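Please open the model in your viewer and keep the selection panel at hand. The tour begins in the interior and ends with one whole chain.

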Amino acid sequence: MKRLSLLSVLLVAIIFAFQAFKAPEHNYVVSAGDGPELDFPEEVMAILERSCFDCHTAESSSTKAKAKLNFSKWNKLKDSKKVGKLDKICKEIKEGKMPTKKYLSHYPETKLSEKETALICVWVDEEVNKLLGD
Amino acid sequence: MNKTVRTIILLLIAAFAIMQLFQPERNKAAVTNDDIVFQMEIPQLVKKIIITSCYDCHSNQTRYPWYASLSPISWMISDHVEDGKEALNFSAWGQYSRREQISLLDDIFNAVSSKGMPLMSYIIIHKDAGLFDYEIEDVCSWTEEAAENLMN
């Protein structure tokens, strides 16, 4: 009897664990009215909407992703925070860490090409320099 | 104890002994002006936390307790230190660009507020390294203040 209840607890734990690792629904942010209002260049927005907004906006089910970066809250961030987030955006995509491998396995079309990565990083550099007043 | 078990035990002891001949380099260097404590004003409480809870992996001055001399523990520590320093090295703060410093302060904020840092495995062995909630708040406020100062 003891073994059975231990087994069932384990089973429930495993089911919960799988819930935590569910891939988010793939919702394209349809238009500017739907998504976060951001003052970014068109080419940048296109990439962010396709490859990032699923996890990194208010509607995302991933609390972990939102804690690290939430574009819906971007405009409320202090400039110092923006610098940090921008710096990390370029680092993460350059190192191929974002989108995550798990996410890419579900949605391979969201992978950033080298050109797109370079585009974002150039934009990041410009934005950061603006914010730093360099 | 039968012969097989005895042989296995002896082999394990021999393997362990041989392992001790292979030790990683120690992470110990003189403190320089590049250290964060010389690069900026840090509140006393926060400074103490950083040195106690972070420096072992995030500086050039790792403290080595006696068991740190034993392989494979010494190698596990060496790995942690290598990873830690790559992500953030307080000893080299003065060598980071302003952008990197601001970014790292945000990293510290995220890691500490989410309780991802210090590592649980580190806290288990170094109980004084765990952070109380008020200490997390202190560190996080400091990162925000320091980042703000760097913006100007």
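Select first A:Phe40, A:Leu48, A:Phe71, A:Ile120 and B:Trp142: of the 48 residues in the largest nonpolar core, these touch the most other members. Such a core is a set of buried Ala, Val, Leu, Ile, Met, Phe, Trp, Tyr and Cys residues joined through side-chain atoms within 4.5 Å; buried means under 20% relative accessible area (1.4 Å probe, protein chains only).

Next, colour the helices (DSSP runs of H or I, at least four residues, numbered from the N terminus). At least two core residues each come from helix 2 (42-51), helix 5 (79-94) and helix 7 (114-132) of chain A, and from helix 3 (44-53), helix 6 (98-113) and helix 8 of chain B. Helix 8 of chain B gives the most, with eight residues.

This is a predicted model, in which local features need pLDDT of at least 70 and side-chain atom pairs pLDDT 80 or more, whereas totals for chains, interfaces and linings use all residues. Residues are numbered from 1 along each chain as its sequence is written, chains are lettered from A and ligands numbered from 1 in the order written, and side-chain values use heavy atoms, without hydrogens or water.

Now select B:Thr143, in helix 8 (residues 133-151) of chain B. B:Thr143 is buried, at 1% relative accessible area. Its side chain reaches the backbone oxygen of B:Cys140 at 2.6 Å.

Finally, display chain A alone: it has seven helices and zero strands. Of its 134 residues, 38% are buried.

Conventions
Buried < 20%, exposed > 50% of the residue type's maximum accessible area, 1.4 Å probe, protein only. Polar contact = N/O pair within 3.5 Å; in protein donor to acceptor, adjacent residues only side chain to side chain.
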